[in-house]
Amino acid sequence: MSQEPTLTPAAPEGDDYLERRALRRGSAGWVLLTGLGVAYVVSGDYSGWNFGLAEGGFGGLAIAMVLMGAMYTCMVFALAELSSILPTAGGGYGFARRALGPWGGFLTGTAILIEYVLAPAAIVIFIGDYVESLGLFGLESGWPMYLVCFAIFLGIHLWGVGEALRFSFVVTGIAVAALIVFALTALPDFSFASLDDIPVDSSAAGSNSWLPFGLLGIWAAFPFGMWFFLGVEGVPLAAEETKDPARTLPKAIRWSMGILVVLAVVTFFAAAGARGSAAIQEAGNPLVEALQPNGKATTLSRIVNYAGLAGLVASFFSLIYAGSRQLFALSRAGYLPRFLSLTSGRKAPYLGLLVPGTIGFLLAAVSGNGARMLNIAVFGATISYALMSLSHIVLRRREPELERPYRTPGGVLTSSVALVLACAALVATFLVDVAAALIALAVYVVALGYFGLYSRKRLVAKAPEEEFAALAAAEAELARD
């Protein structure tokens with residue numbers, strides 16, 4: 001996996017290759033990046049996680065949430081170190097490229113790209129459903145709604161990264177504030193008896209009131225425990241548009257994860273305890289259900305419903321950003337067609353935004369199956385988590401003297417925990433949706449065929465991630481001599 005391909009000595013486009021593929025530097029500080037990290041995830045607090053109750057019950061989902069929270073916490077500490085070493089738009093692809101070679105870099109980048117292309121396609125369907133359920137202007141969910149969402153939010157991204165991140169920060173703030181209001185309102189109705197009210201499947205091994213579907217239910221709930229944190233790993237993708245990235249990225253990653261852990265615990269307990277696990281396990285809007293014990297809408301439930309829409313918009317908007325930056329980095333380095341990394345006069349990767357946006361719109365319009373697309377995204381995410389955690393371990397072992405402005409607490413033990421849990425989560429996706437896992441594998445095979453047969457011999461030596469890897473290879477050669 002570490003064998004180096006033949007790189008092009010210079011991009012055929014000329015000496016201005018990188019100038020035509022430059023992002024706007026210094027556009028974001030740690031506060032905006034923290035908001036970006038929370039924005040990636042916040043829609044998962046409003047819906048999706050509760051379906052894990054139908055897989056593992058309250059106890060099963062609670063254990064899954066703790067384990068997945070541990071996985072993400074360990075992983076983001078590792079990513080904080082890696083992003084301080086290599087602060088480029090490649091993010092996870094760049095880290096794996098240095099540690100695992102070009103094949104490892106491509107495997108990681110492709111997995112991340114699957115996550116960030118499929119997730120917005122799923123979320124735009126949920127946005128349409130929310131708008132229709134709220135009766136906003138008589139609009140209905142369908143392809144015209146999806147088209148409008150993609151057009152508006154792609155337009156904001158094309159306007160400029162600074163404007164895009166500020167918009168995302170405001171919408172995310174609204175969604176987080178509503179979660180706090182929800183918790184404060186729901187907690188007075190909290191009852192421990194409501195938590196384990198799902199009927200017990202006595203045929204399941206190890207089943208009881210807290211684990212109604214037995215021990216296997218814990219594992220099956222892993223993908224839903226991830227929904228409280230899925231996407232936070234995208235913060236390093238903003239590296240080239242960040243002020244002092246070696247210091248800013250680790251700080252933003254840690255703060256994002258801390259906020260998400262608090263929101264996950266408060267939301268989970270408040271919703272299940274106020275209404276009961278059985279009542280919300282299949283609800284499309286579990287927080288609203290928790291505030292409507294008699295099924296009648298209240299002023300507060302409507303406010304939370306609108307805030308849920310804000311949360312979906314925040315995640316949709318920020319995931320479009322993440323996908324465009326991963327595509328940009330892979331294209332700039334030659335792993336994908338190079339024209340996809342061209343940037344506009346406002347330093348926005350316009351094709352990196354428009355191409356995955358078009359794919360996402362078509363997927364949403366044709367399939368209409370948001371849950372299936374999210375499961376495919378989760379499958380891609382778990383592969384990338386395992387490879388990024390492995391990259392941290394490899395770099396610590398192989399290059400202990402590499403300058404590290406930030407060091408992961410616990411070192412390789414921390415990233416090893418993330419690696420083991422990521423592998424367990426990957427297998428768990430087969431327990432939830434075998435078809436989604438197989439679709440993701442099929443996409444993977446096609447992408448690997450393209451890389452193996454074509455692009456791996458046409459990589460661009462000038463790309464930052466490739467230069468970083470070439471420097472490591474040269475240093476290793478000198479050490480051997």
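In the predicted model, the side chains of Glu81 and Arg404 meet in a salt bridge, with a distance of 2.8 Å from N to O. Glu81 belongs to helix α3 (residues 53-85), whereas Arg404 is placed in the loop between α15 and α16 (412-432), so the pair ties together parts that are 323 residues apart in sequence. Both partners of this bridge are buried, Glu81 as well as Arg404. The contact does not stand alone, for Glu81, Arg396 and Arg404 are linked in a network of salt bridges.

A further salt bridge joins the side chains of Glu399 and Arg98, at 2.4 Å from N to O. Because Glu399 lies in the loop between α15 and α16 and Arg98 in helix α4, this pair ties together parts of the chain that are 301 residues apart in sequence. Glu399 and Arg98 are both buried. In total, the structure holds 7 salt bridges, and one of them is formed by Asp244 with Arg247, the closest N and O atoms of which are 3.3 Å apart. In this last bridge Asp244 counts as partly exposed, with a relative accessibility of 42%, while Arg247, at 64% relative accessibility, counts as exposed. The assignment of Arg247 follows from the cut-off, because a residue is called exposed when its relative accessible area is over 50%.

Aromatic side chains provide a second set of contacts, and the structure holds 26 aromatic pairs. In one of these, the rings of Tyr93 and Tyr335 have their centres 5.2 Å apart and their planes at 70°, so the pair is edge-to-face. Distant parts of the chain are linked by this pair, since Tyr93 is in helix α4 (residues 92-134) and Tyr335 in the loop between α13 (299-332) and α14 (350-367), 242 residues apart. Tyr93 is buried, with a relative accessible area of 0%, and Tyr335 is likewise buried, with a relative accessible area of 0%.

The aromatic pair of Phe153 and Phe167 is tilted, with 6.0 Å from centre to centre and 40° between the planes. Phe153 is a residue of helix α5 (residues 143-159) and Phe167 one of helix α6 (residues 161-186), so that the pair ties together parts that are 14 residues apart in sequence. With a relative accessible area of 10%, Phe153 is buried, whereas Phe167 is partly exposed, with a relative accessible area of 29%. Aromatic residues also assemble into a group: Trp49, Phe58, Tyr72, Trp210, Phe228, Phe229, Phe268, Phe269 and Tyr385 form one aromatic cluster.

Other aromatic residues contribute to the surface. Trp30, Val31, Phe169 and Trp255 make a nonpolar surface patch of about 380 Å². Within this patch, Trp30 is a residue of helix α1 (residues 30-41) and is partly exposed, with a relative accessible area of 31%. This value admits Trp30 to the patch, because patches are made of residues with over 30% relative accessible area and no salt bridge. The ring of Trp30 also has a charged neighbour, as Lys251 lies over its face, at 4.1 Å from the ring centre.

Two further positions, Ile114 and Ser389, illustrate contacts between residues that are separated in sequence. Ile114 lies in helix α4, the helix that also holds Tyr93 and Arg98. At 8% relative accessibility, Ile114 counts as buried. When its neighbours within four places in sequence are left aside, Ile114 is in contact with Ile376, Ala377, Gly380, Ala440, Val443 and Tyr444. Of these partners, Val443 is 329 residues away from Ile114 along the chain, and the C-alpha atoms of the two residues are separated by 8.3 Å.

Ser389 is found in helix α15 (residues 370-398) and, at 1% relative accessibility, counts as buried. Apart from neighbours within four places in sequence, Ser389 is in contact with Met75, Ser415, Ala418 and Leu419.

Methods:
Residues numbered from 1 in each chain as written. Predicted model: local features only at pLDDT ≥ 70, side-chain atom pairs only at ≥ 80, totals over all residues. Heavy atoms only, no water. Patch = residues over 30% accessible without salt bridge, like charges linked within 9 Å, V, L, I, M, F, W, Y side chains within 5 Å. Areas by Shrake-Rupley, 256 points an atom, 1.4 Å probe, with all protein chains shown as cover. Salt bridge = Lys/Arg side-chain N within 4 Å of Asp/Glu carboxyl O. Helix = DSSP H or I, 4+ residues; strand = E, 2+ residues; numbered from the N terminus. Buried < 20%, exposed > 50% of the residue type's maximum accessible area, 1.4 Å probe, protein only. Phe/Tyr/Trp six-rings, centres within 6.5 Å; stacked < 30°, edge-to-face > 60°. Lys NZ or Arg CZ within 6 Å of the ring centre and 35° of its normal. Contact = heavy atoms within 4.5 Å.
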